[in-house]
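Here is a short, informal tour for someone meeting this fold for the very first time. Take a look at the picture, then read on.

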Amino acid sequence: LQFLYLIALPSPPATMLAGLCAGVVGAVVGLLWAALHYIDFILVACAASARCAAWCLPWWRRAAPDAARPKVVIVGASFAGLKAAQAFEAHRGAVDVTVVDCKNYFEYTPGVLRCLVDPGHFRSLSAALPKMGAELVHDEVTAVQPAAAEVGRGAVALRSGRTLPYDYLVLATGSTYHGVPVIKADAKSPGGLTRVGRQQQWDNAAAALEKARTVLIVGAGAVGVELAGEIVTAYPDAKRVVMVDMADGILKDGFFKAATKEYATRWLQQRGVEVHLGGAATVARAGGAHTAVLPDGSTVTADVVYNCFGAAAANAWAKETPFAAAMRADRGGAFAVNDHLQLDGYPTVFAVGDVCFHERTDEEKLAHTAEVNAELAAENVLAMARGAGLARYPEGVVGAAATPEIYDLSLGKYDGSLGFNQLVINGPFAAVIKWLLEYTKVLEVERRPVGVWFWVVLDAVGIFLGRTVLPTRAKCKTV
């Protein structure tokens with residue numbers, strides 16, 4: 001069934017070239033899917049044999065909780081939180097780890113926009129949270145008490161009334177959004193806290209889009225462009241798609257390369273997306289429709305509006321704590337961290353991913369950089385626990401003054417733009433790589449050997465390329 005999904009066309013291709021691209025992408029993805037599962041079968045057999053032998057060694061067994069062992073609490077179980085837990089798992093017995101998240105599943109957020117046109121795709125993008133040697137707690141954080149000198153340990157308060165003591169705290173709570181298109185699964189939308197409920201959310205959102213004849217997308221950044229690409233691929237010539245942004249071009253955040261911007265602009269124009277730039281849209285709702293005044297003074301009546309801008313750090317609970325002093329209003333409320341990813345004044349508290357802001361590197365908020373953050377934070381927690389010196393970000397992980405600039409912008413299911421530092425590859429190849437990244441990341445979360453080893457190798461290759469063949473150009477600031 002998975003194979004059939006990968007090669008199935010959601011609708012007849014608009015042109016012969018589009019049909020050819022779709023066929024090639026589907027065939028390559030199908031072959032990759034078969035190869036991955038063949039390799040995984042071999043690795044599972046090898047891992048089972050190794051596990052049987054290793055179980056005889058006492059150091060390999062999961063250590064029972066020890067009151068004297070440092071306690072680490074990780075808040076958030078997406079890219080950064082799970083990467084930190086994975087790093088601690090490699091040092092089992094050194095610390096006791098608890099992971100807190102209000103939902104019980106992982107969702108590959110960079111790929112979820114396709115769920116608006118194909119809600120069944122959610123099953124391919126999600127997985128149950130892995131334990132990885134840690135205690136999993138499905139609850140919402142309501143407050144955090146910093147460690148005090150006379151107490152030693154801090155505490156995390158949960159909605160259920162439970163309190164988790166900690167010696168080290170890793171904050172990986174991610175971002176919040178205005179709503180659709182990227183629906184945030186949190187305690188404010190309890191229906192999305194389980195995979196069944198989340199699937200229903202995507203079903204409902206997809207049904208609303210399917211009924212719409214005119215779609216207004218506010219924001220021409222990566223989310224807006226990818227959403228437009230999904231709609232015109234799934235519904236060619238069936239819906240009017242209007243995009244508006246205050247910038248004078250699409251993808252204007254300074255991260256995407258010129259070749260990507262030019263390719264995406266042409267791609268959208270060729271498929272009839274109406275792009276209005278240089279001003280804001282004023283939107284008013286009357287009945288079931290939205291009337292928008294565009295920058296040129298014209299009006300459009302849309303059946304559905306998607307606000308693709310304004311992500312903010314998911315740390316509202318921190319506003320009533322001493323940590324509020326570290327929140328940067330000009331960065332969506334993200335915690336300012338030092339070169340060790342600690343909150344200033346709180347050396348046992350680390351922030352990683354979308355919820356942190358490291359001024360010296362000022363990185364784009366991506367799944368890749370979130371995982372690099374988490375690796376360094378975990379390394380520094382373990383170093384503090386044994387009394388060693390702390391690593392500096394990002395040199396302590398990538399061996400350079402900046403992390404590689406990596407992106408894969410989807411333009412529908414069969415096209416895209418792949419960027420790695422100065423290199424840009426446009427076309428169907430980018431769509432194949434996007435599928436490969438999504439699929440293997442979910443396999444990694446499921447602790448499937450092929451997924452785990454794929455990402456070990458890919459991360460190492462990315463760091464090597466960023467230091468040698470395609471060096472990363474640091475944009476570090478002096479602070």
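## Before we start

Two strands count as paired if DSSP finds at least two bridges between them. Keep that in mind for the sheets below. Also remember that this is a predicted model.

## The big picture

The protein chain holds 11 helices and 26 strands. Of its 479 residues, 49% count as buried. Among contacts between residues at least 6 apart in sequence, 65% join residues at least 24 apart.

## A three-stranded sheet

Let's begin with an open sheet of three strands, in the order 6-7-8, with antiparallel pairing. At its edges stand strand 6 (141-145) and strand 8 (163-166); each has a single partner strand, so one side of each has no neighbour in the sheet. From one strand to the next, the twist averages 20 degrees.

Zoom in on the pairing of strand 6 with strand 7 (residues 154-158), which is antiparallel and runs over four bridges. Here Gln145 sits opposite Ala155 of strand 7. Ala143 is also part of strand 6. Is Ala143 buried or partly exposed? Its relative accessibility is 30%, so Ala143 counts as partly exposed. Leaving aside residues up to four places away in sequence, Ala143 touches Ala155, Val156 and Ala157. There is also a long-range link in sequence terms: Ala143 and Glu320 are 177 residues apart along the chain, yet their C-alpha atoms are separated by 7.9 Å.

## A six-stranded sheet and its helices

Next comes an open sheet of six strands, ordered 5-2-1-9-22-21, and this one has mixed pairing. Strand 5 (135-138) and strand 21 are the edge strands, each pairing on one side only. Inside the sheet, strand 9 (residues 168-171) and strand 22 (residues 346-351) run parallel, joined by three bridges. Look for Leu169, which stands opposite Val349 in strand 22.

Two helices to spot here are helix 3 and helix 8. Helix 3 (residues 79-89) lies across strand 1 (71-75) and strand 2 (96-101), at about 155 degrees to strand 1. Helix 8 lies across strand 1, strand 9, strand 21 and strand 22, and runs at about 160 degrees to strand 22.

## Two helices side by side

How do helix 6 and helix 7 meet, and at what angle? Helix 6 (residues 222-234) packs against helix 7 (residues 258-270) at about 35 degrees, and their axes are 11 Å apart. The crossing of helix 6 past helix 7 is left-handed.

On the helix 6 side, the contact is made by Val225, Ala228, Gly229, Val232 and Thr233, while helix 7 brings Ala264, Trp267 and Leu268. Sorted by class, that contact of helix 6 with helix 7 has six nonpolar residues, two polar ones and no charged ones.

## The nonpolar cores

The largest nonpolar core has 109 residues. Which of them touch the most other members? They are Phe88, Leu169, Ile217, Ile231, Phe323 and Phe335. Helix 8 gives the most to this core, with eight residues. Another core, of 12 residues, lies apart from it, and includes Val25, Tyr414, Tyr439 and Val450.

Ile231 makes a good example of a well-connected core residue, being among those that touch the most other members. Not counting residues up to four places away in sequence, Ile231 touches Val117, Leu209, Val215, Ile217, Lys239, Val241 and Tyr306.

## Backbone oddities

A few spots in the backbone deserve a second look. One is the peptide bond from Tyr393 to Pro394, which is cis, with omega near -5 degrees. You'll find Pro394 in the loop between helix 8 (367-385) and helix 9 (395-398).

Leu341 isn't a glycine, but it has a positive phi of about 65 degrees. Its home is the loop between strand 20 (334-336) and strand 21 (342-343). With a relative accessible area of 0%, Leu341 is buried. Asp362 is another residue other than glycine with a positive phi, in this case near 45 degrees. Asp362 sits in the loop between strand 23 (356-357) and helix 8. Is Asp362 buried or exposed? Buried means under 20% relative accessible area, and Asp362 has 19%, so Asp362 is buried.

Notes: Residues numbered from 1 in each chain as written. Predicted model: local features only at pLDDT ≥ 70, side-chain atom pairs only at ≥ 80, totals over all residues. Heavy atoms only, no water. Buried < 20%, exposed > 50% of the residue type's maximum accessible area, 1.4 Å probe, protein only. Axes fitted to C-alpha atoms, helices over the stretch in contact; angles between N-to-C directions. Contact = heavy atoms within 4.5 Å. Core = buried A, V, L, I, M, F, W, Y, C linked by side-chain atoms within 4.5 Å. Left-handed = near helix turned anticlockwise from the far one by under 90°. Nonpolar A, V, L, I, M, F, W, Y, C, P; charged D, E, K, R; others polar.
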